[in-house]
Protein chains: 6
Amino acid sequence: ERDKYENNDVAGVVTGLAWTRVGGDILFIESALSKGKGNLTITGNLGKVMKESATIAMEYIKSNADELQIDPDVFEKYNVHIHVPEGATPKDGPSAGITMLTSLVSLFTQRKVKKSIAMTGEITLRGKVLPVGGIKEKILAAKRARIKEILLCEENKRDIEEIKDDYLKGLKFHYVKDMHEVLQLALTKEKVKNAKKL
Amino acid sequence: ERDKYENNDVAGVVTGLAWTRVGGDILFIESALSKGKGNLTITGNLGKVMKESATIAMEYIKSNADELQIDPDVFEKYNVHIHVPEGATPKDGPSAGITMLTSLVSLFTQRKVKKSIAMTGEITLRGKVLPVGGIKEKILAAKRARIKEILLCEENKRDIEEIKDDYLKGLKFHYVKDMHEVLQLALTKEKVKNAKKL
Amino acid sequence: ERDKYENNDVAGVVTGLAWTRVGGDILFIESALSKGKGNLTITGNLGKVMKESATIAMEYIKSNADELQIDPDVFEKYNVHIHVPEGATPKDGPSAGITMLTSLVSLFTQRKVKKSIAMTGEITLRGKVLPVGGIKEKILAAKRARIKEILLCEENKRDIEEIKDDYLKGLKFHYVKDMHEVLQLALTKEKVKNAKKL
Amino acid sequence: ERDKYENNDVAGVVTGLAWTRVGGDILFIESALSKGKGNLTITGNLGKVMKESATIAMEYIKSNADELQIDPDVFEKYNVHIHVPEGATPKDGPSAGITMLTSLVSLFTQRKVKKSIAMTGEITLRGKVLPVGGIKEKILAAKRARIKEILLCEENKRDIEEIKDDYLKGLKFHYVKDMHEVLQLALTKEKVKNAKKL
Amino acid sequence: ERDKYENNDVAGVVTGLAWTRVGGDILFIESALSKGKGNLTITGNLGKVMKESATIAMEYIKSNADELQIDPDVFEKYNVHIHVPEGATPKDGPSAGITMLTSLVSLFTQRKVKKSIAMTGEITLRGKVLPVGGIKEKILAAKRARIKEILLCEENKRDIEEIKDDYLKGLKFHYVKDMHEVLQLALTKEKVKNAKKL
Amino acid sequence: ERDKYENNDVAGVVTGLAWTRVGGDILFIESALSKGKGNLTITGNLGKVMKESATIAMEYIKSNADELQIDPDVFEKYNVHIHVPEGATPKDGPSAGITMLTSLVSLFTQRKVKKSIAMTGEITLRGKVLPVGGIKEKILAAKRARIKEILLCEENKRDIEEIKDDYLKGLKFHYVKDMHEVLQLALTKEKVKNAKKL
Ligand SMILES: [Ca+2]
Ligand SMILES: [Ca+2]
Ligand SMILES: [Ca+2]
Ligand SMILES: [Ca+2]
Ligand SMILES: [Ca+2]
Ligand SMILES: [Ca+2]
Ligand SMILES: [Ca+2]
Ligand SMILES: [Ca+2]
Ligand SMILES: [Ca+2]
Ligand SMILES: [Ca+2]
Ligand SMILES: [Ca+2]
Ligand SMILES: [Ca+2]
């Protein structure tokens, strides 16, 4: 049985789209902060490339802390843990990049993620968003999971155009080129309830 | 020969339900504190995913120390060791997550675990409990081991409903969605005898 | 040719019982202290599970230092090395647990081990002793090696009862449930000659 | 579908030429700085030899900081991250050496990379540039990607001379022997917009 | 072609006996000190068990520094490197134990090794010497290499007694039980020329 | 196409002789210093034994700093990087030992390497030079590469004597027993141009 979209109550929880052996599915990226010395821990039965996505997202944020309005001191005073449920399923590939980035920025700013949105796309260190595969299967899974809006790389637009209109009903698409657009579209300006003071 | 429920005398010892090649069994999660610098050691012939469960449980607790009423200083002043007997049996998978979480919270608060209770369920970093497999075999093992109450993810309720009533006699089920419910149901307010002062 | 029991002159040397491809044998657990910062080194061509036993024994001792009457300062001021001769033979499994525990407590307290005793049993972090396999072969090896007393888990009693009485002549058995009993039976109150002052 | 040359707006982004199982392609080397203690992180699904290229480039720069007019303090006060999109493609080999070197010098000096240039060549610790393979395929990919100038090792000149003139139209070649020439040809004296003050 | 005994001019160089696929041979254990923080480095294409022998020798020395008349401060102020030429040949097994021990004690005391002596035997942490295999082949190699005296474990005496007397002419055997005897027989009281002051 | 001898302008660059699957070749050992804390980095697609050679060379130099007239402070204030081009070729074996040693001593003393010299030989921690294989192929490669003088272990003299005189014309051989001779023959007393002040 497939997962359903849940809510946007918690900082750092963002919905991604995954392409598995049994078709598309949604997945959740979760992240958490605890007092520490700047360590990054990654769990969820992830392969090398997916772990690298987390490292790239973290480094992009550190390198662009000023414009993201994040006090760089938090990178040294807290440990960050990124987890991708469900542990029994091995996961790999670069397509959770923008989801991880959004999760971490939500975590560091304690800003709420937009409601009913999901996303898929590779990130680069310079802030570009790259296209990913399995778009059709991911879109079908998003609908089943009651997602309303989807964030994709502009270069994945052609993949959407090849899908029958019926399948796309009720979904709104946003095509992005870089991480600024991702964050502007995915994060609200509102803080989560009981936002942590970092 | 299968294991039996023992007692709830020691902080950090919690009974889990496992699904092995030879059917269901109960297992014990043990944890211990010693003076140190915040290291986490995990033993018991565990695979990668089961070790990740321990890391997630630990991080969840650190990240929610306030509401769990745990002084965050203990995370830096003590080392934590989690062990799952019996070393000759390789163990893996995410289903000991809630058992590990309960073990660690019992350890850090020195609160007694509820008597004759066992549990199985995956945990996530945001505090959600996820369903796990092998429910029927685990329930049979729990009965044999003289367990009285069982904690499961709400989404595993359907698995229980498919089991013949005869097999369920004498067992009380609690279905949970998140870690707060787990801890409220699994931990008493009483401290263990000779509770450590942390 | 098989090993023989030697003596109890040196702190930290304890006789265990092993089950190898060529039958039972005795083995020696040796441990040594040197000035350091609390590192634990384990040698002797050991597999993962047997190394974990050493870690569990060490952690149990740290966690119960008070009642074992060990000044916790020694854990930070000394390095501990555990070695299991003979390097050419790969060794694994949890059954040296109580032997390692006894070795380390003898080392930290400089108390003499009881004369002509051997033991086999898995340890847990909470101090319970678990049953192990290969009992018949181990008992035969113990006799050949001129052992007089044997420490076993209570749950291994049935294995002894299945052995012909003739084979058991001259051996005295002690069945234990937890580590307190192990230490009470295996360690004398006498210090070794030239005991180190820790 | 193959990649296209993009622009030279960002410090540390340099265009390389790669030889893959499906023919030539361009690739981007990205690098970023963040406050830190001199760690080097390398991502992009890279093999051992390609990671070594990054280490060699970094070490060459440290060892020749004076003539490169880089304040050696930055090596201790910042972490460097080098990434090579696209994560789904494993990459290896020494031919990205001069591209990585150019990327890092651009990063440390915040100087703009020359417009529409791409490069391929192995680097050595003493600053020599070595020839690499797959030149024909790389040149074809460069043209498709709208590259105008190409930097190669002098010893690769013979490979260019074996390519039909038609294929080379619109491309300008620079043949180099050492890293000084690479940097002189590849980097402008202009700083990037919003150059970081290191 | 096989190796020859060389000399005893350098502290830390000791001759061992090895058993290889092509018969017996002698080997040299070399060790060196340099200013440092107590690290132990081991080279020479050695397997896990042979590396463990070096660790055991080092730990035995640290643990018995007093009676070996070694100032324990040297263990923290120097790094130790143990090397076994020849790098092209993989080497493993526990039989270089007493050779490594002798090498390290010679190094730390700067005492000269006895002339024309070679040795083979496993060491234990408590200071016992254990028998090893391949004795006949090792003895033949020792003769060819112009060794005059050989140190063996007492339990290897029977192996010598099975060798024809002709083969043993010109060789003097010393049988030992523990490391004290090894050191007494293998090390002279004389310091090496240009002895380091530690 | 094979490599050619280059020059002796740069400290730390020394020419070695290698034996590869496709015959003999020359190779360059490069080394570089940068401000640091005494780390040793080794690149060039090297196997375990060849990396060990670098470690042994480094340790020999540290251990004999006085007679090599190197201020031991440099070992703590600088990082050393050893690189062996060309990254696409895996390399292993002990025969680059004397080349690595010469490279490092040239680096630490900033002395010029002798012109047109190449070398091959294993090193030991006590300073002895050992013979290596593939001599004939290496000599042929040296001639092709315009080498004039060759440094070899004395025990490799017999290999040279088996080569036809015609092949040896124009080559001068130096046979050595220990590292002192290597350094005396391979290094000039002149400093390189722009020598670093360490
Ligand atoms: Ca799912
Ligand atoms: Ca601040
Ligand atoms: Ca069991
Ligand atoms: Ca506090
Ligand atoms: Ca034995
Ligand atoms: Ca004290
Ligand atoms: Ca591409
Ligand atoms: Ca400065
Ligand atoms: Ca030899
Ligand atoms: Ca002293
Ligand atoms: Ca070459
Ligand atoms: Ca000085």
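In chain C of this predicted model, strand β2 (residues 23–35) and strand β4 (residues 78–83) pair in the antiparallel sense over 6 bridges. Within that pairing, K35(C) has Y78(C) in β4(C) as its bridge partner. Both strands belong to an open sheet of 7 strands in chain C. The points below cover that sheet, the helices lying across it, the relation between chain copies, and one calcium site.

**The sheet of chain C**
- The strands follow the order β3-β4-β2-β1-β6-β9-β10 in chain C, and their pairing is mixed.
- At the edges stand β3 (40–43) and β10 (172–176) of chain C, each of which pairs on one side only.
- From one strand to the next, the twist averages 30 degrees.

**Helices across the sheet**
- Helix α1 (residues 48–63) of chain C lies across β2, β3 and β4 of chain C, and its direction is at about 150 degrees to β3(C).
- Helix α1 (residues 48–63) of chain E also lies across β2, β3 and β4 of chain C, running at about 50 degrees to β2(C).
- These three strands of chain C therefore have a helix of chain C and a helix of chain E lying across them.

**How the chains are arranged**
- Two copies of a chain are related by a rotation about an axis and a shift along it.
- A turn of 60 degrees and a shift of 0.0 Å along the axis lay chain E on chain F with an RMSD of 0.0 Å.
- This is the relation of a six-fold axis.
- In chain E, the C-alpha nearest the axis belongs to K37(E), at 13 Å from it.
- Chain C and chain D are not joined by any contact, and their closest C-alpha atoms lie 25 Å apart.
- No contact joins chain B and chain F either, and here the closest C-alpha atoms lie 25 Å apart.

**The calcium ion (ligand 11)**
- D3(F) (OD), D25(F) (OD) and E86(F) (OE) are the protein donors of this calcium ion, lying 2.5 to 2.9 Å from it.
- Along the chain, the donors follow the spacing D-x21-D-x60-E.
- D3(F) lies in the segment before β1 (14–20) of chain F, while E86(F) is in the loop between β4 (78–83) and α3 (97–109) of chain F, so the pair ties together parts that are 83 residues apart in sequence.
- E86(F) has a relative accessible area of 30%, so it counts as partly exposed.

Key: Residues numbered from 1 in each chain as written. Chains lettered and ligands numbered in written order. Predicted model: local features only at pLDDT ≥ 70, side-chain atom pairs only at ≥ 80, totals over all residues. Heavy atoms only, no water. Pairing = 2+ DSSP bridges. Helix = DSSP H or I, 4+ residues; strand = E, 2+ residues; numbered from the N terminus. Axes fitted to C-alpha atoms, helices over the stretch in contact; angles between N-to-C directions. Contact = heavy atoms within 4.5 Å. Least-squares fit on C-alpha atoms with pLDDT ≥ 70 in both. Donors = N, O, S within 2.8 Å, 3.2 Å for Na, K, Ca; no water. Buried < 20%, exposed > 50% of the residue type's maximum accessible area, 1.4 Å probe, protein only.
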